[in-house]
Amino acid sequence: MNIIIVGCGKVGQTLAEQLNEEGNNITVVDIDSESLQATATQNDVLGILGNGATYAIQKEAGIENADLLIAVTDSDELNLLCCMVAKKTGNCQTIARVRNPDYSVEADFLKDELGLAMVINPEYAAAGEISRVLRFPSAIKIDTFAKGRVELVKFRLPENSPLVDLSVREISTVLKCDVLICTVERGEEAYIANGDFKFEQRDVISLIAAPNKAAEFFAKINYKLQSVKDLIISGGGKITQYLCEILERSSISVKIIERDRKLCEYLCTQFPNVTVINGDCSDRNVLLGEGLAKAGAFAALTDQDEENILLSLFAKNETSGKLITKIQRTDFDEVVSSLDLNTVITPKSITADMIIRFVRSMKGSIGSNVETLYNIIRGKVEAAEFIIRGTSEITNIPLAELKFKENVLIASILRNNKVIIPRGYDKIQTGDRVIVVSKQLALRDITDILR
């Protein structure tokens, strides 16, 4: 596919890298020559210097032959204008990143009126992910498939867990739970779990199940199930504001610590049920004075990665509550993961995943399309949801008789609103939603999992 990316910030760079690796023809556009050159050189893609909202620059970038334009500059208005020009000039799909809360309530209107394929709000998506783990604080991450009917839950195995030394196969017989273990992270290694795989202390496990079945499983292994009752947030930025909107419908008490007095006044006006403290959220005395030690959860959501990491490390020593850390950069993933910060939220990665899912869906065959895509273990294991739209060599044949590529797992089938944890005798049928967990990255069609 021919793809134009306008904006070479963090998200633009990530998209250029991942979409280029998947075999697309990428052109990047930016007014900043330094950012443009760095992105184009690192990824060996074409770079165009200039304003991506102008007809002349889009024409130079090849808009007339483009399949998709993605506008991810720092300006919402510029992103929308880029897409409007692209729709008038070329015959391509368009995606705009829109971050301003004032526009978020009008996302559907903007999408329909401007003919956008997607309107993406990374901060709102990040807030949604945070709200899910607050509902089930023992989870590191919760991803949803099939419009919420299937969940992929990632959690760390405690040292005294009854699962230690059990094999994957023994879970169904010992615990009698209808869940499927998908992956296990142990140190720097990632495994697609087969039946003989045995669990060890501190393993990070991902499982798939219907929400009620997942809750049943965690109850049997003595995991904390109740959602948190109170949350302290450091930083009052966009993610915090979206999170407050989402949590207004819950019973969670929210307290925000923010340095900027004017922002505090705005937050008080917008969210009268939220406690807002004007103070230095990096001051340990402020944090402890506001009840960090007894808080059910603490979220470090300032604009500085380093500050968020330090705050979470401090909170880790002061409270047994849920910890959530926002980190923008991904080039030190290994270092961050070694710190055991519990839940780490990376908005740019969430955005990139959404766009890459859309691109793969465009490239998919008529037989099946990628509906949802998550990186379970970034760069190592993905989970993709396919909608089966027609018959193929994978349909109406028992799974046990199909020849799958290595490190591929059919994790779940949704049929007529019923979640099926598949066994060897189950068959994939037209109309099913099928979730595949795989080390075979960049799957575009369900048949890509076959040898």
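Contact is taken here to mean heavy atoms within 4.5 Å. The structure described is a predicted model, and the account below begins with helix α2 before turning to a parallel sheet, its helices and several loop residues.

Helix α2 spans residues 33-43, and its buried residues are Leu36, Thr39, Ala40 and Asn43. These four residues lie on the same side of α2, because the arc that they cover around the axis is only 95°. The buried residues of α2 pack against three elements, namely α1 (10-21), β2 (25-30) and β3 (46-49). The other side of the helix carries Glu34, Gln37, Thr41 and Gln42, which are exposed. Both ends of α2 show local features. At its start, the backbone nitrogen of Glu34 is approached to within 2.9 Å by a side-chain oxygen of Asp32. Just after the helix, Asp44 adopts a positive phi of about 55°.

An open sheet of six strands is arranged in the order β14-β13-β12-β15-β16-β17, and its pairing is parallel. The edges are formed by β14 and β17; each has a single partner strand, so one side of each is left without a neighbour in the sheet. On average, neighbouring strands of this sheet are turned by 15° against each other, direction ignored. In general, the strands of a sheet pair through backbone hydrogen bonds, either parallel or antiparallel.

Within this sheet, strand β12 (residues 230-234) runs parallel to strand β13 (residues 253-258), and the two are joined by five bridges. Along this pair, Ile232 has Lys255 of β13 as its bridge partner, and Ser234 stands opposite Ile257 in β13. The connection from β12 to β13 passes through helix α10 (residues 238-247), and this β-α-β crossover is right-handed. Helix α10 is largely enclosed by the rest of the structure, since eight of its 10 residues are buried. The buried residues of α10 are Ile239, Thr240, Gln241, Tyr242, Leu243, Cys244, Ile246 and Leu247.

Strand β13 is also joined to strand β14 (residues 275-278), to which it runs parallel, by four bridges. In this pairing, Glu258 has Asn278 of β14 as its bridge partner. Here the chain passes from β13 to β14 by way of helix α11 (residues 261-270), again in a β-α-β crossover that is right-handed.

A further helix, α13 (residues 305-318), packs on the sheet and touches β12, β15 (297-300) and β16. The direction of α13 makes about 170° with that of β16. Strand β16 contains Thr325, which counts as buried because its relative accessibility is 0%, under the 20% limit. The side chain of Thr325 makes a polar contact of 2.6 Å with the side chain of Ser312. Leaving aside residues up to four places away in sequence, Thr325 touches Ala300, Asn308, Ile309, Ser312, Leu341, Thr343, Val344 and Ile345.

The loop between β16 (322-326) and α14 holds Asp331. Asp331 is partly exposed, as its relative accessibility of 47% falls between the limits of 20% and 50%. Although Asp331 and Pro347 are 16 residues apart along the chain, their C-alpha atoms are separated by 14 Å.

Two further loop residues are noted for their backbone conformation. Most residues other than glycine have a negative phi. Asn342, a residue other than glycine, nevertheless has a positive phi, near 70°. Asn342 is located in the loop between α14 (333-338) and β17 (343-345), and is partly exposed, with a relative accessible area of 30%. A positive phi, near 55°, is also found at Asn416. Asn416 lies in the loop that connects β20 (408-415) and β21 (418-420), and is exposed at a relative accessible area of 74%.

Key: Residues are numbered from 1 along each chain as its sequence is written. This is a predicted model: local features need pLDDT of at least 70, side-chain atom pairs count only at pLDDT 80 or more; totals for chains, interfaces and linings use all residues. Side-chain values use heavy atoms; hydrogens and water are left out. Two strands pair if DSSP finds at least two bridges between them. A crossover is right-handed if, with the strands pointing away from the viewer, the path from the first strand over the helix to the second runs clockwise. Buried means under 20% relative accessible area, exposed over 50%, partly exposed in between (1.4 Å probe, protein chains only). The arc is that of the directions from the helix axis to the C-beta atoms. A polar contact is a pair of N or O atoms within 3.5 Å; within protein, one must be able to donate a hydrogen and the other to accept it, and residues adjacent in sequence count only if both atoms are side-chain atoms. Axes are lines fitted to C-alpha atoms, for helices over the stretch in contact, and angles run from 0 to 180 degrees between N-to-C directions.
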